[in-house]
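Work through these exercises with the model open beside you. Try each task before reading its solution.

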Amino acid sequence: MKARTCLLVAALVAGVTAGPSALPAAASAPAASSAAQSPNPALDAALAGLPHADATAALVRVGGKDGVWRGSSGVHDLRTGRPADPAGRFRAGSVTKVFTAAVALQLAAEGRLDLDRSARSYLPELIPASYGTVTVRQLLDHTHGIPAPDLPGTTVEEWYANRFQVHDTRDLVRSATSKKPEFAPGTRQHYLNIGYQITGLVIERVTGDTYERQVARRVLRPLGLRDTYYPGTNPRIVWPHNHGYQRMRLDDGTLGLRDVSVWGATDAWAAGDLVSTTADLERFTHALFEGRLVRGPLLEEMFTLPKVTDFPSGEPAAHSAGLSMKVLGGREVWGKTGGRWGYNTAVAATRDGARTLVYSVNSTDAKGRDMNEVAENIMVAVYGRP
């Protein structure tokens, strides 16, 4: 292991806490590098040197017609410094929305859900008349105009203090819909969780079943995604996982890294609480893009951007039903990123599936304003620059 990396690991560990007291620094941390050199030097460079200040680990799977590569970098945890587990589970964040959209579109294909029908017609006791024209399609493509609900805290330290609070989705919907609309439904786009939280409730209403069981029956079991699950109120990641860390102010007033692997996700539910692995998400991505989960015109809902502008930036809409689109290397790349504290995740592919990408990066500022540098470098290495 290079001396620079040893010093960096020691410095990181010295500032890490799992609770009120500091963890002991590891006596020595083994080298943590890519599991196998890739044929892409830029990808090797993106994964080099972990752990460092921006990320402690990264798991990557590149697939499709252009070739296959699997790699991992970094450490399982800063206490022991042992290499990252390439099969470890992680919080997938907003990648959950792709699963939610797929189930909603399946129900539409079966005639059990009408995308042009109002959400209020399915949930009259919950959605007020002021949002009576918002359709299911608008929930899915973020053109509904419903603002975000109120959640406790305004800083990462306050959010960490409330990490075990259990949120009721219906209460979050009531909080959001008690406010004035951000814009008239269908006229702008604002990416928020609330549309998918309402969609989860609509799925439950039309099926008479829980959202989680519907995803399991329609997606997880048919595809054999055995390492993907919904945590419910359990704040822990079940089974092996690489620890996530967040840069924040510690109990002694200094800035450092805190182990945030244990953190409830009930504030997101159908919009962002999924736990998965890169292998499972790669299998899901292939099935989705190949039309094995959603078919025909309804699949095109996932690859059609609404002809509106973003609120409030004014840029063209970038989100469809479940997915997002960005032009990288001169071609359209469709997929979804997600962030929960300590974890950044992405699934992506060209429309023809010629190149797919799944990554999990243990970011130290996973919900920051800017994209994590390691995650961005992985995306650019695989697809090219914007």
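Two strands pair if DSSP finds at least two bridges between them. Strands (E, at least two residues) and helices (H or I, at least four) are DSSP runs, numbered from the N terminus. The model is predicted: local features need pLDDT of at least 70, side-chain atom pairs count only at pLDDT 80 or more, and totals for chains, interfaces and linings use all residues. Residues are numbered from 1 along each chain as its sequence is written, and side-chain values use heavy atoms, with hydrogens and water left out.

**Exercise 1. In which sense do β5 and β6 pair, and over how many bridges?**

Solution.
- Find β5 at residues 245-249 and β6 at residues 255-259.
- Their pairing is antiparallel, over 5 bridges.
- Check one bridge: R247 is partnered by L257 in β6.
- Now follow the connection. The two strands form a hairpin with 5 residues between them. G253, in the turn, has a positive phi of about 90 degrees.
- Last, look at cover. In β6, 4 of the 5 residues are buried (under 20% relative accessible area, 1.4 Å probe, protein chains only; exposed is over 50%, partly exposed in between).

**Exercise 2. What is the order of the strands in the open sheet of 6 strands?**

Solution.
- Read across the sheet: β2-β1-β12-β11-β10-β9, with antiparallel pairing.
- The edges are β2 (69-74) and β9 (324-328), each pairing on one side only.
- From one strand to the next, the twist averages 20 degrees.
- Zoom in on β11 (343-350) and β12 (356-363): 6 bridges join them. A348 has L357 in β12 as its bridge partner.

**Exercise 3. At what angle do α3 and α8 pack?**

Solution.
- Locate α3 (96-109) and α8 (194-207).
- The angle is about 35 degrees, and the axes are 10 Å apart. Axes are lines fitted to C-alpha atoms, for helices over the stretch in contact; angles run from 0 to 180 degrees between N-to-C directions.
- List the contacts (heavy atoms within 4.5 Å). On α3, they include K97, A101 and L107; on α8, Y196, I203 and V206 are among them.

**Exercise 4. Why does T278 count as buried?**

Solution.
- Place T278 in helix α10 (278-289).
- Its relative accessibility is 2%, so T278 counts as buried.
- See what surrounds T278. Leaving aside neighbours within four places in sequence, T278 contacts L59, R61, P86, F90, V358, Y359 and S360.
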